[in-house]
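Please look through the structure shown here slowly, and keep it in view while you read the paragraphs that follow.

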Amino acid sequence: ILKPSHFKTKRNQEIYSTAQALRVRGEHVDAHSILSTMLTEEDKTLVDYVFSLDVKGDPFNWEMYANRVLNAHRLDAMSTALTAAKVCVDVASLDYPEEAQNRVMALVNAAMATQGTSGSSYTAFEAASAAIEQFRRAFEGESLGLECGIPSVDEALGGFKENELYIVAGRPGMGKTTFAMNVAEEVAKTKTVLFISLEMGKHQVGSKLISQLARLDTKGLRRGKADPQTIERAVHAANSSKDLKLKFIQQANITVEGIAARARQEIAAGGELGMVVVDYLQLMTTDDNETRAVEVGKVSRGLKLLAIELGIPVIALAQLNRKVEQRENKRPYMSDLRDSGSIEQDADVIMFLYRESEYTPSADPTEAELILAKFRMETKGTIKLRFCGEESRFKEYHETYAPYRREAM
């Protein structure tokens with residue numbers, strides 16, 4: 001649970017570090033063994049202090065004491081961050097407040113990151129019991145994941161589950177952002193969704209949102225040539241968006257740490273955070289000067305850890321490389337993920353969006369496939385969907401629910 005750095009005084013850090021070293025070597029840990037390891041010359045103050053520790057507290061209540069030390073460290077880290085943040089604000093330039101804001105967010109985020117240092121452990125029986133409880137809830141009809149409103153997708157995935165990273169990948173024009181916004185809209189009816197938009201501006205996002213809410217093509221509206229009925233539907237859709245707990249974040253060079261800070265702010269403000277969506281993964285950055293593949297790998301790992309820390313599903317959109325265009329069968333493979341790094345290892349589910357009409361003019365432009373290329377503990381397959389581009393929406397392929405499936409790979 002504890003590291004030497006969790007203790008405030010240097011003396012306690014040294015004592016604890018010595019105890020850890022003795023334990024690693026398999027030696028007995030007590031006042032005598034600690035002192036014999038630490039002392040290079042007689043230090044009566046240290047001897048008295050270590051022996052005084054030997055009679056304090058109840059050893060059977062060690063976990064409570066450890067957690068008190070950890071909590072004190074967390075509070076101290078937050079206090080230090082707030083002091084440093086105050087300095088950043090005091091010296092900030094009136095012309096560049098964003099710089100101070102970024103520094104403050106980085107400080108607070110670093111302090112909050114100490115919340116996850118203790119980790120967790122559990123026995124095999126506890127893990128098995130947790131699984132049995134999950135099975136029971138499923139048998140009682142309880143949804144164990146967040147639904148997206150497309151029955152075939154919800155049935156195949158069992159909903160978007162907490163702690164899991166979902167990658168939605170495809171070539172440009174396949175509808176990745178549309179699919180992600182459809183999912184976000186459905187979830188945002190009950191829970192807060194943070195949508196990190198790195199590719200589209202506010203007006204583009206708004207136009208796409210109105211299109212899917214009003215079920216209409218906004219092309220005429222964007223060109224100022226819409227009839228009064230279309231305008232009325234658009235205004236009504238814009239007003240209805242007030243009921244959605246959907247928040248868009250647009251920030252250049254945003255990192256996983258920046259997203260984590262925004263998510264924690266939302267939770268601290270009392271919001272029930274249900275999901276984070278990133279559009280798209282390869283546009284994110286890290287603070288390291290690494291190759292692009294390594295950098296993308298660190299981003300994907302960071303997003304997976306974020307899903308675990310916050311206990312929510314995280315959806316990240318991803319681009320595919322151009323190798324797809326060179327094959328006769330243009331349905332994507334896992335190796336087509338651009339700068340894949342550790343994406344394949346980190347993701348719990350990898351889905352490819354594919355529309356044949358992007359390559360074959362005679363193909364039905366409304367036909368789409370959602371290929372489940374990786375699905376931990378489940379069977380891979382393909383779900384056939386109906387793509388309505390003018391409405392910015394994916395729907396069931398059939399009028400009645402009858403999902404089409406086949407092995408994708």
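A residue is called buried when its relative accessible area is under 20%, exposed when that area is over 50%, and partly exposed in between. With this in hand, and remembering that what you see is a predicted model, we can begin with one strand and work outwards.

Strand S5 covers residues 314-319, and six of its six residues are buried. In a regular strand the side chains alternate between the two faces of the sheet. In S5, Val314, Ala316 and Ala318 point one way, while Ile315, Leu317 and Gln319 point the other way, and all of these residues are buried.

Which strands pair with S5? Strand S1, made of residues 165-170, pairs with S5 in the parallel sense over six bridges, and within this pairing Ala169 stands opposite Ala318. Strand S4, made of residues 273-279, also runs parallel to S5 and is joined to S5 by three bridges, with Ile315 of S5 being the bridge partner of Val277.

From this strand we can step back to the whole protein chain, which holds 14 helices and nine strands. Of its 409 residues, 41% are buried. Among the contacts with a separation of 6 or more, 64% are between residues that are 24 or more positions apart.

Two of the helices can be followed from end to end. Helix H6, residues 124-139, has 16 residues and reaches 23 Å from its first C-alpha to its last, which is close to the 22 Å expected at 1.5 Å a residue; just after H6, Gly141 takes a positive phi of about 85 degrees. Helix H12, residues 256-268, has 13 residues and reaches 18 Å between its first and last C-alpha, close to the expected 18 Å. The buried residues of H12 are Val256, Gly258, Ile259, Ala260, Ala261, Ala263, Arg264 and Glu266, and just after this helix Gly270 takes a positive phi of about 95 degrees.

The aromatic rings offer another way through the model, for the count comes to six aromatic pairs. In one of them, the rings of Phe7 and Tyr16 have their centres 5.0 Å apart and their planes at 45 degrees, so this pair is tilted. Phe7 has a relative accessibility of 16% and therefore counts as buried, whereas Tyr16, with a relative accessible area of 24%, is partly exposed. Tyr354 and Tyr359 form a stacked pair, with 6.2 Å from centre to centre and 20 degrees between the planes. Here Tyr354 is buried, because its relative accessible area is 3%, while Tyr359 counts as partly exposed at 24% relative accessibility. The ring of Tyr359 has a further neighbour, since the charged end of Lys330 sits over this ring, 5.7 Å from its centre. Elsewhere, ring pairs link Phe179, Phe387 and Phe394 into a cluster.

Finally, a careful reader should ask how confident the predictor is. The mean pLDDT of the protein chain is 80, and 88% of its residues reach 70 or more. Over residues 399-409, however, pLDDT stays under 50, and for this stretch the model has 30 contacts beyond four places in sequence. Where pLDDT is low, the predicted coordinates should not be read in detail.

Note on methods. Residues are numbered from 1 along each chain as its sequence is written. Side-chain values use heavy atoms; hydrogens and water are left out. Buried means under 20% relative accessible area, exposed over 50%, partly exposed in between (1.4 Å probe, protein chains only). Helices (H or I, at least four residues) and strands (E, at least two) are DSSP runs, numbered from the N terminus. Two strands pair if DSSP finds at least two bridges between them. Rings of Phe, Tyr and Trp (its six-membered ring) pair if their centres lie within 6.5 Å; planes under 30 degrees apart count as stacked, over 60 as edge-to-face and the rest as tilted. A charge sits over a ring if NZ of Lys or CZ of Arg is within 6 Å of the ring centre and within 35 degrees of the ring normal. pLDDT is the predictor's confidence in each residue, from 0 to 100. Contact means heavy atoms within 4.5 Å. The expected span of a helix is 1.5 Å times one less than its number of residues.
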